[in-house]
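Visitor: I would like to know how the labels on a model like this one are earned. Could you take me through a few of them?

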Amino acid sequence: MCDYDDDLYHERLPNVCGAIGAKARSCCSTDTVKRLLPISTWLPKYKARYLVGDMVAGLTVGLTCVAQGIAYGAVAGLPPVYGLYSSFMGSFMYILFGTCKDITVGPTAIISMMVNPHIDGNPDLAVLLCFLSGCLILLLGLLNLGVLVRFISMPVTTGFTLAAALTVGSGQINNLFGIESNSNEFLKSWINFFSHIEQTRRNDAILGCGTLILLLLMRKLSSLSCGFRQLNRYLSLCRNVLAVFLGILLCYLLSRDSDEMPFRVNGEITAGLPPFRPPPFHTENEDGEAIDFSGMVSKLGGSIASIAFLSILESVAIGKAFSKGQIVDASQEMVALGFCNVFSSFFSSMPITGSFGRSAVNNASGVQTTLGGAITGILILMTLAFLTPTFAYIPKATLAAIIISAMLFMVEYDKIGEIWRAKKRDMLPFLATVLTCLFWSLEYGMLVGVVINALFILKKSMTPQFQLETQKHNGIELCLTELKGSVDYTGAEYLKTTIVTHVTEHMGDVTLVVIKGAEINSIDATVAATIVSLREDLRLLKCDLICWNWSIAAAGVVCRLQKKARSMFKFTKSFTEFIETIARERESGNGSRRVSHIACDLSQ
């Protein structure tokens, strides 16, 4: 017996108590505090020269957030002011817990679109959804489960983004032309548009299309080399605010001498700051019937988990996009996003997450730290306190143009081409995600894409990569099986069937099967049982089985399953030495074709 036989028969179990103790000690360390509160790291190093960049970026993002917040409140099927209620608290909380200086947290088109079908226009349901999804995100972050985002592949996220952009943009096509619509869904919106196209309002259509063209042209201002480049850049960044201002001005001027509004508008917006109060745990439906907490949760259903997960995905993806070579701590971003949602729900907020568009504006404006979010939050509060009566004049066509222009540039067109060029098979989860999102729902579209990717992974694990060839050495004809990676229980039967079939086809010629397992780090009990079963099947075919140079961890699983299986394993320094050992043993004339002596080289 070799000296390390004890390792084969005794499994090394993890030190659970030690791991728990170490984790408990680390939770009380200053490093953990700094990780959970990143502000404690960057604030002492804050320099006065950072303040100008943070203020300019905060003001620019704040102005953009005012326009988009009102629009996304309407997308969620809520009074537009709820978009503003959702825009300030996340900015303040992210200063404390966020790790990426560029991320701005608030309402987004995708999350607003996903909230809409689950709340039936009831603000209480939206606020409770914000609270519960925030609690779930926070819990996942504290449990360090940021690895969950790794299960979403690039084709799935790209397909989801495309479908979400098409859905949100299509939901605004009716408002762009002044047509009444009761649905924001992709297919229903277009059916309503073409079936009621004769109801197009001339003023709304002109304003909506004109605003959309203006926004697209202003987006290009930053790239112009003529004129005042700095001024052009800030005009481009503030294009949404200018569009809202022009819409309000036109609506006000044209309505002064008329009893009717020249455009379809959202109507009066509640003035003042939102009250500080706990999220509602009971509400009433449209008929005035009381709904308790369990009824509200039942109404929200799976949207609590789906919106939480997609909020995480959006925020982490933005963090990676602007990380500039730094590692993004997904778990800490989840903690930050969870706190943002939980605290925002006390100010009548709907679910919020990182906004890619506003984060891009933040980055382009020269933000230096997350302190820029304080300026954004203060600007939103000032808007709520003093300017909300003005927003009654915002035309729906203007908001529709703002949303559609944002959606046009949210699609990752370059990545679609990259997927096609790199591996066309990945177009399958991409297309499945797009079509399911468009014609079923955004939540199930993402799930379908993940399932298809999981099937690819499962198929790969069911067919382990290995090379099988027949060789002849020192008069011994053998079948050499070289595994290229680990073997899971899903692929064990495939490995056994392939080897037995190969030996059967070479019946009488092949007398030895060698499985080279240098790359196998560990196996499970199913694989071990399959290896033992393979040995018995090969015996019936008058063929021996040797597992050569397997790791101690992998070989130990087989040996602990069946002690006599120890004779299958050989450990030598080289394949030449292994063949010479086999040849000497066969020449010893022991009368048995089965190799029974074990050669061990402890210097390996």
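Guide: Gladly! Two strands pair if DSSP finds at least two bridges between them, and strands (E, at least two residues) and helices (H or I, at least four) are DSSP runs numbered from the N terminus. This is a predicted model, where local features need pLDDT of at least 70, side-chain atom pairs count only at pLDDT 80 or more, and totals for chains, interfaces and linings use all residues. Residues are numbered from 1 along each chain as its sequence is written, and side-chain values use heavy atoms, leaving out hydrogens and water.

Visitor: How do you know that strand β5 is joined to β6?

Guide: DSSP needs at least two bridges, and 8 bridges join β5 (residues 466-473) to β6 in an antiparallel arrangement. One of the partnerships sets E469 against L480 in β6.

Visitor: What makes β6 mostly covered?

Guide: Buried means under 20% relative accessible area, exposed over 50%, and partly exposed in between (1.4 Å probe, protein chains only). Of the 8 residues in β6 (476-483), 6 are buried.

Visitor: Why is C65 called buried?

Guide: C65 has a relative accessible area of 2%, and the cut-off is under 20%, so C65 is called buried.

Visitor: Why is C238 in no disulfide?

Guide: A disulfide is a pair of cysteine sulfur atoms within 2.5 Å. The closest cysteine sulfur to that of C238 is in C65, 13 Å away, so it is too far for a bond. The structure holds 0 disulfides.
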